[in-house]
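Okay, thanks everyone for coming. I've got one structure today, and I'd like to walk you through a few spots in it. Let me put it up on the screen.

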Amino acid sequence: MTTAPGRAPAVAEAWRHVATGDDAVAVAERHALGTSARVAVWPPENLARARAAVDEVLTALDRQASRFRADSEICWLHRAGAARGGVFLLSDGLAEAVSVALAAARWTGGRADPTVGDALVSLGYDRDFAAIGPDGEPPAAAVPAPGWQLVRLDGPLLRLPAGIRLDLGATAKAVGSDRAGWPLTVADRPDPAGAPGTQLVRLARGAVATSSITCRQWRRGGEVLHHIVDPQTGRPADGPWRTVSVAAATCADANAAATAAIVAGRAAVSWLTREDLPARLVGQDGEVRYLGGWPAVSGLPVPVLSSSRVYAGARPPGGVG
């Protein structure tokens, strides 16, 4: 058994004020986990405390689960287990993220699979997205995911076979949202055909997550690629949906379901309906489809299940260590 070495604390990114025209609510945003985090607080004087709490969560997750920084715990695991694999003692925070990722893979039938790390690297997503150039060499041969079933987690003990590279990017963002307590917004690119670019929805509880192939794109050999990989092929998912938003009891549930729906393609409608999940699906042609009580009109509430599908099969949320 191998234990990850300690690491020095990371310095948090600076927060930027976001003007909303409403003095009753304070909003701030900063770069985090390869994307951006936004905090909206009422009353405004609580913003400093909220930012500090979110900084603690995001900084811990970055140290634990980022595959783009050499000193992260997950990169250490990949280096230590590259040749022969092994059994590793994880921090509480990384163990929670891996547990949630494996539970999400089980729930989605492998459509959201954390073993797609090498597939993403072969496609050119081998560094922070902001550092990827406008074009590059053609992508390497597709690398199908080895399969989440090969990874074993028993409490904090991870058995990782040789040659498996985990990608916890989407899971870490969802777990971070659940730890910090703020849901995500619903957005899609504006469409000339008239499909709405954004929609305001109200949540009495739970969270919303959106997966989209439109925002995180890059080119290799003139081919446009995106980051949502079909684990069976190792290639970017190629289906009828460009964006899927899902409401669920936790952000981890919503994120796993939205990713799985992009991968599932036409089968997404029946799967989301069977799972009783409210969803908003935007097709490649800009047509919007609403499922499970998701309102077609902006500003209305979205019904959310009271129990989590992912955390029921994983460690409980909240670990930061």
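Let's go straight to a salt bridge, the one between D62 and R69, where the closest N and O atoms sit 2.9 Å apart. And before anyone asks, yes, this is a predicted model, so keep that in mind throughout.

So, is R69 buried or exposed? R69 counts as buried, because its relative accessibility is 17% and the cut-off for buried is under 20%. Its partner D62 comes out at 21% relative accessibility, which makes D62 partly exposed.

Next pair: D118 and R165. They also form a salt bridge, with 2.8 Å between the closest N and O atoms. What I like here is that this pair links distant parts of the chain, 47 residues apart. D118 is in helix 4, residues 117-122, while R165 is in the loop between strand 7 (157-160) and helix 5 (169-180). As for accessibility, D118 counts as partly exposed at 25%, and R165 is partly exposed as well, at 32%.

Now, which residues are joined into one network by salt bridges that share partners? That would be R16, E29 and R38. Let me zoom in on one piece of that. The side chains of R16 and E29 meet in a salt bridge, 3.8 Å from N to O. Again we're linking distant parts of the chain: R16 belongs to strand 2 (residues 16-17) and E29 to strand 3 (residues 26-32), with the two residues 13 apart. E29 is buried, since its relative accessible area is 19%, whereas R16 counts as partly exposed with 42% relative accessibility. And if you want the total, the count for the model is 11 salt bridges.

Okay, switching to backbone geometry. A general reminder: most residues other than glycine have a negative phi, and most peptide bonds are trans. Here are two places to look at with that in mind.

One is the peptide bond joining W42 and P43. That bond is cis, with omega at about -5 degrees. Where does P43 sit? P43 is in the loop between strand 4 (35-41) and helix 1 (47-65).

The other is D276. The phi of D276 is near 60 degrees, so a positive value in a residue other than glycine. You'll find D276 in the loop between helix 7 (268-274) and strand 16 (279-283). D276 counts as partly exposed, because its relative accessibility is 47%.

Strand 16 takes us to the last stop, a sheet. What is the strand order there? The order is 10-15-16-17, four strands in an open sheet with antiparallel pairing. The edges are strand 10 (207-212) and strand 17 (288-291), each of which pairs on one side only. On average, neighbouring strands in this sheet are turned by 10 degrees against each other, ignoring direction.

Inside the sheet, strand 15, residues 241-248, pairs with strand 16 in the antiparallel sense over 5 bridges. If you want a landmark on your screen, look for T243, which stands opposite V282 in strand 16.

And then there's helix 6, residues 251-264. Helix 6 lies across strand 10 and strand 15, and runs at about 25 degrees to strand 10.

That's my tour. Happy to rotate the view if anyone wants another look.

How values were computed. Residues numbered from 1 in each chain as written. Predicted model: local features only at pLDDT ≥ 70, side-chain atom pairs only at ≥ 80, totals over all residues. Heavy atoms only, no water. Buried < 20%, exposed > 50% of the residue type's maximum accessible area, 1.4 Å probe, protein only. Salt bridge = Lys/Arg side-chain N within 4 Å of Asp/Glu carboxyl O. Pairing = 2+ DSSP bridges. Axes fitted to C-alpha atoms, helices over the stretch in contact; angles between N-to-C directions. Contact = heavy atoms within 4.5 Å.
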